[in-house]
Structure formats: structure tokens, C-alpha cells
2 protein chains.
Amino acid sequence: MEKPQLPRVTIKDVALKAGVSKTTVSRYLGGNYKEIAPKTRKRIEDTIASLNYRPNIMARGLKRNTSNLIGMVVADISNPYTTAIMRGAEDICNQNGYNLLVCNTDNDPEKENDYISMLQAHRIDGLIINTTGRNNEALKDLAHDDIPVVLVDRKVPSLEYDTIGVENHRAVTDAMHHLIEQNFDRIAFFTEPLAGVSTRKERAAAFEQVLRANGHPSCQDIYEVDLSSEGSLMDKLLFFLEESKGQTKAIFAVNGVVLLQLVIALQQLNLSIPKDLALLGFDNPEWALAVGSGITTIEQPTYEIGTAAMESILQKIKGNKTFSQYTSFSARLIIRGSTTNN
Amino acid sequence: MEKPQLPRVTIKDVALKAGVSKTTVSRYLGGNYKEIAPKTRKRIEDTIASLNYRPNIMARGLKRNTSNLIGMVVADISNPYTTAIMRGAEDICNQNGYNLLVCNTDNDPEKENDYISMLQAHRIDGLIINTTGRNNEALKDLAHDDIPVVLVDRKVPSLEYDTIGVENHRAVTDAMHHLIEQNFDRIAFFTEPLAGVSTRKERAAAFEQVLRANGHPSCQDIYEVDLSSEGSLMDKLLFFLEESKGQTKAIFAVNGVVLLQLVIALQQLNLSIPKDLALLGFDNPEWALAVGSGITTIEQPTYEIGTAAMESILQKIKGNKTFSQYTSFSARLIIRGSTTNN
DNA sequence: CCGACCAATGGAACCGGTTCCATTTGCATC
DNA sequence: GATGCAAATGGAACCGGTTCCATTGGTCGG
């Protein structure tokens, strides 16, 4: 029942047919043309074409101790934020002859550890990771093997890896000033659980700080919802609506995923945006344009974050130690109907 | 400037420290425990743990002629349809010790060919591909190397690869009957260019067929729009609106991407759904719930398509020749406000 | 015409595993 | 105690590339 392996064409076949040694063919493959006579080079070229030969990257990697593989571990592949970053990373990756090994952890630390181990077994040349932020044993291990690592979006204070993200504090501050200008009586912050996720914590902290600085009554209105549990968001939402009955109000969503769930919940409650409730959120998913008169969002330069992460990896592979600890791009507040025409 | 390679721990190191031969360690790694004395096994186990040894998959693959890598080539990674399939594929993939090598072609046939060549160089053990449908030279080549291939969503008639998708004809027919029941004077079909993409052609054909069978005046209302060109969709939309002035009308969107662009365009024109125009589309993106009173959609079992594709690959790797040419899942019409409460 | 030098090429070891085959060990049987 | 056989283990070749070092052949200056 074994698959009958047809023998693939190897460097030896090419050498034999071209009448040269493996060494010379290898030199050709490596692009060391200056060491090869032009007519020999032509002969090898023709032979490779006629045999449709394709060098085995594993064999090369074994000797060179590289794999041409970059690991990409993401917490949620169905989040548009994630795919936008992947696009950026992938483009740079392939322009440099690497391939992306993608793993989706579903925010599960155990899965994350398993994946990193697998990637290590593949001898990845670098890793871009959007970590769950919890239980980072395997991640720590990579430093020991001297594998370049770049964290994306979420920092891990105990690890000395470069991190790329946005200026969360500043972005939240800008957005909050916009909300405060509109004189809402109450402003709530809806987020997924803060535990371990630096981005969420930073945003929540900035939210609170701005409100305190303005002596606003809403400093306590931070709600952590568990999206995997049916009804969790709706319960918190109803609670907030009850608390703020008769008052003008707005909700700040920590990211695009929460934002969408809020829009759906409000629709179920037959509440209108922004008349009954204003809404604003991080990330700028395409559908934000399509809901009502548009949802106000905070746009991150996701594609650029992806390219920057990969470029940082490439630098490290080349041996250029970069010292930047945290690279933050600026985010952009896009004001739409969900926070204005009330 | 070279990176100082610190020597990684190899099977030899383990053998040495455990006082056995490489062969025995290899047997341990392969799980052939019945050939190993219990105390030897324990010793190897401990040694591996203490050295934090991780076998090199490339070295193994070189000898075994496998890579534990499955290629996944997608036309558009930012399409939620794509990521849903990736989730399914990835889950099965990893349960079986494989990893996914993801490539995004942006619907560019040239990129597709380049990627397939790269994947071939990595000696992928299988390939799942959502092909551009054009210029499939490299794809054809894979058959020659006996690499398992499964097409997803889009068929290629000239290639004898298994394909997994949905019952497009039936799904469109169901949806059209729903629209016809509502007695729209005109129904348009908006699609991305049909060229080479079987799915789009099948859906357009079914659309036309149903209308003809019902003697409906709209058989010609098929619009191909180029989303990469600014204004193309808006132009076609305005044309259709002009053509159908004073009539009741609906638009059928070929997929979720076109659907979203239509919603945005309608919002820009200040037209209301479904009062001015009813709307329905393939795919069931999450935001469809959030727009207006919900958008009527045709839901595909995307996750299942992904798992089925990967399971088919695994079967082929095991050498079980499967004879199914086209596996089609059934899609589900979800009726919401965008085609009803007018 | 000879030695020096360079350009072009080849031989063989090596990367880290797997696997075929041979060898050693342990133990029961006669 | 010798014999036989199975269980346990080891040696060495091999997978398909790369790379160090040696070799060959030709050109050039003296």
C-alpha cells in the first residue's frame, strides 16, 4: 500500500547529463557564475531546463543550516487585522526567497507552545508571532537557539524580543478626545479579557486615564466580555444600558471583533447608532463603511506592520543586531457617522 | 558579519550522552519501542529531555523523501471565505503532524506559478489550491511529480485533480426562486470577471438559466466588475439603476467581496436596502448580520470544505487513490431583511 | 622554455537523520 | 555446557545538496 516513489531528478542527474561534476552544478545553482566557463554554464542551464530539475531545499538546508522558512504564529486567523499583517509579511517574505509557515493558535497558549515546537523542528529561520501572551515557555526557548523573533501587536514584558505595533496610548487618547467633545454622559469600554494581552491593557489604561484627567464619571465603565461564551457581550451591554438609562452614551470597542459583535447586538436590540448609542472602535474593517452612516474607527497601518516585522526578521537573519525594542506606528482616527450626527 | 552559528544538539549528541548508537535513538524517535529494552528507552527519553533535543525534520525528510509540509495556495487571503477554509485545513493538518505553507497569489497567475515552483522545491507532500484558473502550467507539473493536489472552490476542466466546493447551480437556483417570489421587475447579477473562474461562471449560468425558464426580462443583466479599478463597480451600478428606473429591483452578488462593495456603493448613493434596491449575495460574512436589517446570503460550509480538502490530501498521501472528481457541499440560503421587508 | 599564477573543475567529506544488515547478548532447551 | 533463536543494539551507507581543498590546463612574463 506504500506510495510508489518515482525517483526525482537530482543534482547528480544534472551533472551526469551535462558532463560536469556535482560541484560545478552546485556552483551554478548558487549563482557563482564567475567561477564557471560560459559554455559550461549554458550547458548546465539547458540540462536543468530539459530535465525540469528543481533543487531540493531540504538538502540544501541540511548543509547550510537554514530552511528558507519563516514561522508565523497568529492568535486568530479569521480576524481581518491578522490577515492584513500576513499579506504584508508574506510579500516581503517571498521577495526574499522565503516561505511562510502559518499557524493559528485560536488564542490557546497550549496550542501556541506546540506550534512553536513544531516550527523549531522545521528549523525555521525566523518567527513572527502574535502571541497569546500567556505561558510563553516555548517562545522563551527560541532565544536559546538564536532564532530571530519579532512580536506583533502584543508585547511580552519578560521577553527581550522586538515588538511592532501601534501607539495605543496616543490613538486611544485622540479618540477619547473626540468622544469627550461630543459631551456624552457615559462612555464605556468593551474589551476581550485583558489577561496577558498587552494591547488590550494599554488601551483600557489610556481610556481610563483620559476620563480621569477630565473628571468624567465613566472611569469605571470597562467591561470585559468573553466572546466564546454566548450572551456574555449582550449581558454586559444590557447592564451598561441600564446603568446609563436616560443619559447620552458611547461605547469604545477594543478591536474590530468586539466592534462587530456590538453592532450586531445593537441591531438585535433595535437600537440605532448613533441616536441611541454612539460607537467607535479600534481597527478599520472594510464593513465599517457599510454599517449605518459608517462607524468611526481607529485605523492601524496593518500591511506596514506586516512588512516591517518581516524586514526586521530579515535584518536579524543577516546578523544585523537591531536594538529597537518597540517600534510603534501611528494609528489614524477616521470619524464617521457613528459618533457624530446624533 | 556572518551569524555565529551555535551548534545545535543532534541525534549524535543524544546517542553519545545516552551511551547508545544513533540507530537506537532513531528507533526511539520513530516510536519503534518494541525493539528497545525498557531501560534503554527510559535513558534515551531522559537524555532527550535534559538536552532539550528536537529532531531535524529536514534531515528526516531528506532520507524519507517527505517534508511534512502541505502547500496552501490561495487567491485572496483577505477574503473571509479563504481564511475560513484555511482554519479547517489547518486544524486537520496539524492533527496529523503536518504544517501549512501558505501562499497568497492575489489572483495573479504568474505569482501562482512562481509559488508552486517554490513549494515544489520544498518538496511539499500535498497541495490545496484555490487557483486563479489561468495559465496553470506549474500546477499541471505537480501531477508529473505525483504530488497530491486538491482544488478548492474553483475547478480546472483540463486538469484531473479532485475538486471540493458547493452546489453552485442549486444554491443559485434556490436564491433566485426566493427573489422571483418577491416579484422584482429587474434582477441583476454582479460578478468579478468570469474569465477562468469556474465558480463565477457556474453561478452566472444558473442565474441566467432560472430567469430564462421564468421568462423574466432580466436575463441580460449580468455585470462584470473589476474591483481593482476604482469606479468600475459604481459605473456598472449606476448603469443598471438607470436602466431599471421606476422598476422594483434586486442585485445578486457573486460573492462576499462584491456584496460588500455593493453595500458601500449603495450607502454612498444614499439608497436604502431593500426599499430602493434589494440585495443578496454568496458567502455569509459576519457583517451581513449587521448591515441594515441584515443581508440575505448563501452560506457555504467553509470550515468543512477546508477539513474535507485536507482529509482528501491525507488519503492520497497514504496511497488511497480516491476517485471522486468533484465533491460538492450544499449551501444554505439565509433570508434576512435585505430581500424581504420592502 | 620554464615557473608562476589564475581560471575552471572535480573529489570527497559533511549536514542529521533513517534503514538495511550484521553482530552481540540473553535465555531457554536439550 | 553446547545449541538455537529472538531480542537488543550497532555499523555504515544513503538521502541531495554544499564546501573545502586539490588538480588540471592554459597564459604570461622573464
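Visitor: How many residue pairs are in polar contact across the interface of chain B and chain A?
Guide: The rule finds 28 such pairs across that interface, with both residues at pLDDT 80 or more. Keep in mind that this is a predicted model.

Visitor: OK. Which elements of chain B touch chain A?
Guide: Several give two or more residues to that side, including α4, α5 (80-95), β2 (99-104) and α6 (109-121) of chain B. The largest share comes from α6(B), with seven residues.

Visitor: And how do the residues on that side divide by class?
Guide: There are 29 nonpolar, 25 polar and 15 charged residues on the side of chain B that touches chain A.

Visitor: How many salt bridges between the two chains?
Guide: The count is six. One example is R8(B) with D145(A). Their closest N and O atoms are 2.4 Å apart.

Visitor: How much area do chain B and chain A bury between them?
Guide: About 6000 Å², and 53% of it is on carbon and sulfur atoms. In chain B, the residues that lose the most area to chain A are R8(B), M58(B) and R123(B). Together they make up 12% of what that side buries. So R8(B) turns up twice: it also forms the salt bridge with D145(A).

Visitor: What about strands? Is the pairing of β2 in chain A with β2(B) parallel or antiparallel?
Guide: Antiparallel, over three bridges. Within that pairing, V102(A) stands opposite L100(B).

Visitor: New topic: DNA. Which residues come nearest to strand C?
Guide: Of the 27 residues around DNA strand C, the nearest are S21(A), T40(A), I11(B), S26(B) and R60(B). Both protein chains are in that list.

Visitor: Where does the largest share of that surface come from?
Guide: From α4(B), which gives five residues to the surface near DNA strand C.

Visitor: What is 2.7 Å from a polar backbone atom of S21(A)?
Guide: A phosphate oxygen of DNA strand C. T24(A) uses its side chain instead: a polar atom there lies 2.9 Å from a phosphate oxygen of that strand.

Visitor: Now strand D. Which residues are closest?
Guide: DNA strand D has 26 residues around it, and the closest are I11(A), S26(A), R60(A), S21(B) and T40(B). Sugar and phosphate make up 59% of the strand D atoms within 4 Å of the protein.

Visitor: What does the side chain of R60(A) lie 2.9 Å from?
Guide: An N or O atom of that side chain is 2.9 Å from a phosphate oxygen of DNA strand D. On chain B, a backbone N or O atom of K34(B) lies 3.1 Å from a phosphate oxygen of DNA strand D.

Terms used
Residues are numbered from 1 along each chain as its sequence is written. Chains are lettered from A and ligands numbered from 1 in the order in which they are written. This is a predicted model: local features need pLDDT of at least 70, side-chain atom pairs count only at pLDDT 80 or more; totals for chains, interfaces and linings use all residues. Side-chain values use heavy atoms; hydrogens and water are left out. A residue is near a molecule or strand if one of its heavy atoms lies within 4 Å of it. A polar contact is a pair of N or O atoms within 3.5 Å; within protein, one must be able to donate a hydrogen and the other to accept it, and residues adjacent in sequence count only if both atoms are side-chain atoms. Helices (H or I, at least four residues) and strands (E, at least two) are DSSP runs, numbered from the N terminus. Buried area is the accessible area (1.4 Å probe) that two parts lose on being put together, summed over both. A salt bridge is a side-chain nitrogen of Lys or Arg within 4 Å of a carboxyl oxygen of Asp or Glu. Ala, Val, Leu, Ile, Met, Phe, Trp, Tyr, Cys and Pro count as nonpolar, Asp, Glu, Lys and Arg as charged, and the others, Gly among them, as polar. Two strands pair if DSSP finds at least two bridges between them.
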